[in-house]
Every structure is written in C-alpha cells, then in structure tokens.
Amino acid sequence: KAQKLTEHEGRPHAKDYDNITQEFVIMAIGDYRAQLCAEGPMPDHTQETAFLNKSWAKASQITGVNLARTPQLTKLVSPILATLLCSFTVTQVHGELKTKLRPLIEVMFNFHSNQTKLAIKKNRTLAEELKEGASFAFKVCLALMQDERHGFLKAPIIQKVSKMMWFVNKNNKGIKHNARFKPFPLPALALVLTAIECSIDEWMTGTWTDIPFMVQDHHSRYDLHLKCLQEFDEVTKEFGVLKAICARIAKDEQ
C-alpha cells in the first residue's frame, strides 16, 4: 500500500509518497507519456484508460511492486480518470511540443514579426502557401506548382522538432523507450504534422496570434494527417518509402 508522507491541498505530487511509491509512479508516468506519443497522442477517455492500465501493469512488472491504484495515485498519472476531464499529461505533451515549435516556425519558414503592412501581407501569403496541400511537410515546399514539390516528410522542421521533443538526451522518451520509437511511430509523426499546421495557423492573419493546441480542437486534423500517412504507406509499401523515412528520423536523432 502506498504511504503518503505529505498532506496538502491541490494536485498530488510523486514526492508526497514513500520512495517505493515514487519509483513506481515515476516509471508509470514515463511509460504512459511514451505510449501517448507513440500510439495515441490524441486519445479519448477509453484509450487513455487502456494506456494507463498498460503502464500500471508494466511498472508493477518492472519494480515488482503490486501497488493499488488509488484515485490519488491515478491522478498523478492521468487526471482524466479522476476528473473525467482532459488529461494533464496529454495537455503537457501537446504544450511542450507546441512551445518547441513556435520559434522554429518563425525562423525556418521565414515569418516576420514586425507589424508593417508588407510584412503582414507576406506572412499571410506564406501561411496560406504552406498549408496548401500540406506543403509544409515537403523538403522543397514553396515551388510554383505543387507537382514540383518533393521530399514529402523530409522537411527539416520535422527532423528538428522530433529531435528536440524526443531525442535530445538519454532521459528523453524516444531514447529511454527506444522500442516504441524505433522506427518513429506514425501517430507521433501525425502529431508533429498537426502541431506544425497549428503553429502555421497562428500566422494566418499576418501577425502571430496564439492558438492553444488542444485535443478537442485538433483531433479531427490529427486524424486526417494519420490517415494520410497510412494511405501514403499503403501506396508506397512496395518500396518501403515511409518505413525508411521513419527509420531515418529515429536513427538520425539518436
């Protein structure tokens, strides 16, 4: 049984509990976050519950601790099971990805932060061109004709933000949970594409405006990106195109 050492109001923390419980919960949280990114980064309640059950069982197997899942401990890993609201963990993952993307979008796509009429017009046009046919996902994305674009899913920003998010050091999920991220999973790639598109949307008026990256607002767009990836994989499966791209993302970043 978990022993709580510190009583206080507000959201519980792992440090409130004894060392064994802390180790268990930290392991469960890490595996849970890895599952979210690799298998279902835009989960519904049923998916989140399934992910939590798997992570709890895995933490129990690895630590040898059979810890009862109390509402307080559950809340440490996924508040959705305690409050039936959007998970803090999901929101945290999305927020972290969006925060890393924001400066990259401005620099790598050459948006301008000044407020001149010319800059605003250029930003608006650039955002529209990048979103047209998901041009932002191509290595050469702003060709005059869409047929001239090439390097689908080889846009430098995809590689860059994937590394920053999952592969910077040995404590990052992509390295620590290598089995889930090698090759780079399609759900995680779809999440990256969705986040990039959301970040471009912030420039659609010509001046940057914050748009929260929330499940309820972007789930349908995520589903479209995932479906596109799956269809692309099916069409090119004979040549192993997408498999090679995902393998390279994981290999290049480690």
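**A mostly helical predicted chain, starting from one loop serine**

Ser113 sits in the loop that connects helix 5 (88–108) to helix 6 (117–131); helices here are DSSP runs of H or I with at least four residues, strands are runs of E with at least two, and both are numbered from the N terminus. The model is a predicted one, so local features need pLDDT of at least 70 and side-chain atom pairs count only at pLDDT 80 or more, while totals for chains, interfaces and linings use all residues. Residues are numbered from 1 along each chain as its sequence is written, and side-chain values use heavy atoms, with hydrogens and water left out.

Back to that loop. Leaving aside residues up to four places away in sequence, Ser113 touches Glu106 and Trp203, where contact means heavy atoms within 4.5 Å. Thr207 is 94 residues from Ser113 in sequence, yet their C-alpha atoms are 7.0 Å apart in space.

As for the overall layout, the protein chain has twelve helices and two strands. Along the sequence, the order is α-α-α-α-α-α-β-β-α-α-α-α-α-α. Of the 254 residues in the chain, 45% are buried; buried means under 20% relative accessible area, exposed means over 50%, and partly exposed is in between, using a 1.4 Å probe and protein chains only. Among contacts with a separation of 6 or more, 64% are between residues 24 or more positions apart.

Helix 2 (residues 45–63) makes a tidy case for a closer look. Its 19 residues should span 27 Å at 1.5 Å a residue, and the C-alpha atoms at its ends are indeed 27 Å apart, which agrees; the expected span is 1.5 Å times one less than the number of residues. Glu48, Phe51, Leu52, Ser55, Trp56 and Ala59 are the buried residues of this helix. They take up an arc of only 135° around the axis, so they fall on the same side of helix 2; the arc is taken from the directions from the helix axis to the C-beta atoms. The general background is that an α-helix has 3.6 residues a turn, so residues three or four places apart point the same way. On the face turned away from the buried side, helix 2 carries the exposed residues Thr46 and Gln61. At the start of helix 2, a side-chain oxygen of Asp44 comes to within 3.2 Å of the backbone nitrogen of Thr46. After the helix comes Gly64, with a positive phi near 75°.

Helix 11 (residues 215–236) is a bit less straightforward. With 22 residues, it reaches 30 Å from first C-alpha to last, close to the 32 Å expected at 1.5 Å a residue. A kink of about 25° is centred on Arg221, the bend being the angle between axes fitted to the seven residues ending at a residue and the seven starting there. The buried residues in helix 11 include His218, Tyr222, His225 and Leu229. Arg221 also turns up among the contacts of Asp201, which touches Lys131, Ile211 and Arg221 once residues up to four places away in sequence are set aside. Asp201 belongs to helix 10 and is buried, because its relative accessible area is 16%. Ile211 is ten residues from Asp201 along the chain, and their C-alpha atoms are separated by 7.7 Å.

Ser162, in helix 7, is also buried, because its relative accessibility is 0%. Its contacts, not counting residues up to four places away in sequence, are Phe167, Phe184, Val192 and Ile249.

A few backbone oddities are worth a look. Lys182 and Pro183 are joined by a cis peptide bond, with omega about 0°, and Pro183 is in the loop between helix 9 (178–181) and helix 10 (186–201). Ala134 has a positive phi near 55° despite not being glycine; this residue lies in the loop between helix 6 and strand 1 (138–140) and is partly exposed at 22% relative accessibility. Leu153 likewise is a non-glycine residue with positive phi, near 70°. Leu153 is found in the loop between strand 2 (150–152) and helix 7 (156–166), and counts as buried at 0% relative accessibility.

Finally, the cysteines. A search of the whole structure turns up zero disulfides, a disulfide being a pair of cysteine sulfur atoms within 2.5 Å. Cys198 is buried, at 0% relative accessibility, whereas Cys228 is partly exposed, with a relative accessible area of 37%.

How values were computed
A polar contact is a pair of N or O atoms within 3.5 Å; within protein, one must be able to donate a hydrogen and the other to accept it, and residues adjacent in sequence count only if both atoms are side-chain atoms.
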